[in-house]
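Hi there,

Here is the structure I promised to pass on to you. Have a look at it first, and my notes on what turned up follow below.

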Amino acid sequence: YLAELSDEFEDKPFDTAEENIQPRIRGNLLMALCNKFGWLVLTTGNKSEMSMGYATLYGDMAGGYAVIKDIYKTLVYELCFHINNLRSPNNIIPITVITKAPSAELKYDQKDQDVLPPYEVLDPIIQAYVEEDISSTDIVAQGYDPKIVHQIIAMVNRNEYKRRQAPPGIKITPRAFGRDRR
């Protein structure tokens, strides 16, 4: 893919265009298997990632059903630990997977916190804004950094176009993305 795009990308800095090739290739491979064997691809974006635009169109978002699209990243981790505790001492999910820093892993040494606040800060702000219709002023009044609140709200609003292309999923929270929020 990079060789095919080399003329167009010549003299341009490496950015998300190149980073997103990897999940799109993966999405193509998964969809090919789905078509061949009659399977259903489940997308992997959770509510935190979908809020921030951290799911690649035609990549991570390729598929027919979004099982975790309405649960926050912090809850994803809690569920992982819970599942492992049910199967202790034989973890179903390798502990290294759920203890390493969250990352889209689209470039070397990338961490979500390079751009986003920790999910323990991010998720309550998203919840307040998306599910509870709390204004940025009132979220800041709860003790959050105004710069972070405004950044998060801008990202939520800017990424609506991606969420409108997302497959359906399970509704868990009082207000899911999609019909509930529109």
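**Charges over a ring**

The charged end of Lys47 sits over the ring of Phe177, with 5.7 Å to the ring centre. Arg163 also lies over the face of Phe177, at 4.2 Å from the ring centre. Please keep in mind that this is a predicted model.

**The largest pocket**

You will probably want to look at the pockets next. The largest pocket has a volume of about 1,200 Å³. Its lining is made up of 48 residues, and those closest to the pocket centre are Glu49, Asp60, Lys73, Ser103 and Ala104. Five helices give two or more residues each to this lining: H2 (16-19), H3 (21-37), H4 (47-52), H5 (73-86) and H6 (95-99). Helix H3 gives the most, with five residues. By class, the lining of the largest pocket holds 22 nonpolar, 14 polar and twelve charged residues.

**The second largest pocket**

For the second largest pocket, the volume comes to about 180 Å³. Phe177, the ring with the two charges over it, is one of the residues that line this pocket. The others in the lining are Lys69, Asp70, Pro168, Gly169, Ile170, Lys171, Ala176, Gly178, Arg179 and Asp180. Sorted by class, the lining of the second largest pocket has five charged, four nonpolar and two polar residues.

**An aromatic pair**

The count of aromatic pairs comes to one. In that pair, the ring centres of Phe37 and Trp39 are 4.9 Å apart and the planes meet at 25°; planes under 30 degrees apart count as stacked, so this pair is stacked.

**Two residues to click on**

Ser48 is found in helix H4, one of the helices that contribute to the lining of the largest pocket. Is Ser48 buried or exposed? Its relative accessibility is 1%, and the limit for buried is under 20%, so Ser48 counts as buried. The side chain of Ser48 reaches the backbone nitrogen of Lys73 at 2.9 Å, and Lys73 is among the residues closest to the centre of the largest pocket.

Tyr144 is in the loop between helix H8 (136-141) and helix H9 (146-158). With a relative accessibility of 23%, Tyr144 counts as partly exposed, because that class runs from 20% to 50%. Tyr144 and Pro124 are 20 residues apart along the chain, and their C-alpha atoms are separated by 9.9 Å.

Happy to talk any of this through with you.

Best wishes

Terms used. Residues numbered from 1 in each chain as written. Predicted model: local features only at pLDDT ≥ 70, side-chain atom pairs only at ≥ 80, totals over all residues. Heavy atoms only, no water. 1 Å grid on protein atoms, 1.4 Å probe; cavity = no way out; pocket = protein on both sides within 12 Å on 5 of 7 lines; lining within 4 Å. Points joined across faces, edges and corners; volume = space filled by probe spheres on them. Helix = DSSP H or I, 4+ residues; strand = E, 2+ residues; numbered from the N terminus. Nonpolar A, V, L, I, M, F, W, Y, C, P; charged D, E, K, R; others polar. Phe/Tyr/Trp six-rings, centres within 6.5 Å; stacked < 30°, edge-to-face > 60°. Lys NZ or Arg CZ within 6 Å of the ring centre and 35° of its normal. Buried < 20%, exposed > 50% of the residue type's maximum accessible area, 1.4 Å probe, protein only. Polar contact = N/O pair within 3.5 Å; in protein donor to acceptor, adjacent residues only side chain to side chain.
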